[in-house]
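Reader: I would like to go through this structure with you, one topic at a time. May I put some short questions?
Author: Please do.

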Amino acid sequence: TTGLDVLTQDSVLRTVRRLCADHQVAALYVTHDLPVVAGVAHRVMVMKSGHIVEQGPVAEVFARPQHAYTRELIAAAPDISCRHHFGRAVPAPATATSPAGPPAAPVLRVVGLDAHYDRRQVLHGVALDLAPGECLALVGQSGSGKSTLSRTIIGLHNASAGAIVLDGETLANL
């Protein structure tokens with residue numbers, strides 16, 4: 001949504017939040033825009049050089065970043081600590097819910113994913129689970145592996161190792 005005007009971006013993000021909450025749809029949001037992450041995601045994973053360097057609930061990662069790279073990203077971002085977006089306060093996304101009982105199986109599971117461009121490895125053992133109704137934001141600088149990860153998940157880039165499981169079915173991407 002970075003290239004959109006602010007009104008269109010706001011509309012798209014409200015739609016993503018509503019769809020996730022209303023229909024228990026999972027969303028993986030790939031961006032470098034931390035203020036947007038603060039307003040749309042439940043969890044965040046920070047990538048650097050093809051590795052997940054930090055992950056957790058958005059509020060926790062932004063309030064108490066553990067990795068030096070995450071601290072650098074947050075320090076360089078416009079005011080995310082106040083959860084402001086487009087000059088106004090944005091409520092935290094609704095918590096992903098599931099019926100009482102054991103947790104629902106993940107909609108998307110990525111296990112030990114490696115990917116290369118020729119001989120250069122760009123993803124290193126990436127693992128994630130995405131629950132029904134949850135929005136996970138994937139952030140990092142340009143070149144950190146975000147787009148390669150998303151392209152690999154949807155089958156536009158071949159993984160060299162690992163598994164991608166969507167709704168219980170292993171996708172044939174290796």
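Reader: How many residues lie between β6 and β7 in their hairpin?
Author: This is a predicted model. In it, 2 residues separate β6 and β7 in the hairpin. Asp118, in the turn, has a positive phi of about 55 degrees.

Reader: In which sense do β6 and β7 pair, and over how many bridges?
Author: The pairing is antiparallel and covers 7 bridges. Within it, Leu113 is placed opposite Val126 of β7.

Reader: What is the strand order of the open sheet that holds this hairpin?
Author: The order is β7-β6-β9-β10, an open sheet of 4 strands with antiparallel pairing. Its edges are β7 and β10; each has a single partner strand, so one side of each has no neighbour in the sheet.

Reader: And what joins β6 to β9?
Author: Those two strands pair in the antiparallel sense over 6 bridges. Ala115 has Ala159 in β9 as its bridge partner.

Reader: Which strands of that sheet does α5 touch?
Author: α5 packs on the sheet and touches β6, β7 and β9. The direction of α5 makes about 115 degrees with that of β6.

Reader: Which residues of α5 are buried?
Author: In α5, which spans residues 146-153, the buried residues are Lys146, Thr148, Leu149, Thr152 and Ile153. They pack against β1, β2, β6, β7, β8 and β9.

Reader: Which residue just after α5 takes a positive phi?
Author: That is Gly155, with a phi of about 90 degrees.

Reader: Let us turn to Thr170. Is it buried or exposed?
Author: Thr170 is exposed, its relative accessible area being 57%. It belongs to strand β10, residues 169-170. That strand is one of the two at the edges of its sheet.

Reader: What does Thr170 contact, leaving aside its neighbours within four places in sequence?
Author: Thr170 is then in contact with Ile164 and Val165. As for Val110, its C-alpha is 9.7 Å from that of Thr170, while 60 residues separate the two in sequence.

Reader: A change of topic: what is the order of the other open sheet, β1 included?
Author: That sheet of 4 strands runs β1-β8-β2-β3, with mixed pairing. β1 and β3 are at its edges, each with a single partner strand, so each has one side without a neighbour in the sheet. From one strand to the next, the twist averages 20 degrees.

Reader: Where is the pairing parallel?
Author: β2 and β8 pair in the parallel sense over 4 bridges. Val44 has Ala137 of β8 as its bridge partner.

Reader: Which helix lies across β2 and β3?
Author: It is α4, running at about 105 degrees to β2.

Reader: Which residues touch the most other members in the largest nonpolar core?
Author: Those are Leu34, Val37, Val40, Ala41, Val44, Phe62 and Cys135, in a core of 23 residues. Two or more residues each come from α1, β1, α2, β2, α3, α4 and β8. The element that gives the most is α2, with 5 residues.

Reader: What lies apart from this core?
Author: There is another core, of 17 residues. Leu138, Leu149, Ala159 and Ile164 are among them. Of these names, Leu149 appeared earlier as a buried residue of α5, Ala159 as the bridge partner of Ala115, and Ile164 as a contact of Thr170.

Conventions: Residues numbered from 1 in each chain as written. Predicted model: local features only at pLDDT ≥ 70, side-chain atom pairs only at ≥ 80, totals over all residues. Heavy atoms only, no water. Buried < 20%, exposed > 50% of the residue type's maximum accessible area, 1.4 Å probe, protein only. Contact = heavy atoms within 4.5 Å. Core = buried A, V, L, I, M, F, W, Y, C linked by side-chain atoms within 4.5 Å. Pairing = 2+ DSSP bridges. Axes fitted to C-alpha atoms, helices over the stretch in contact; angles between N-to-C directions.
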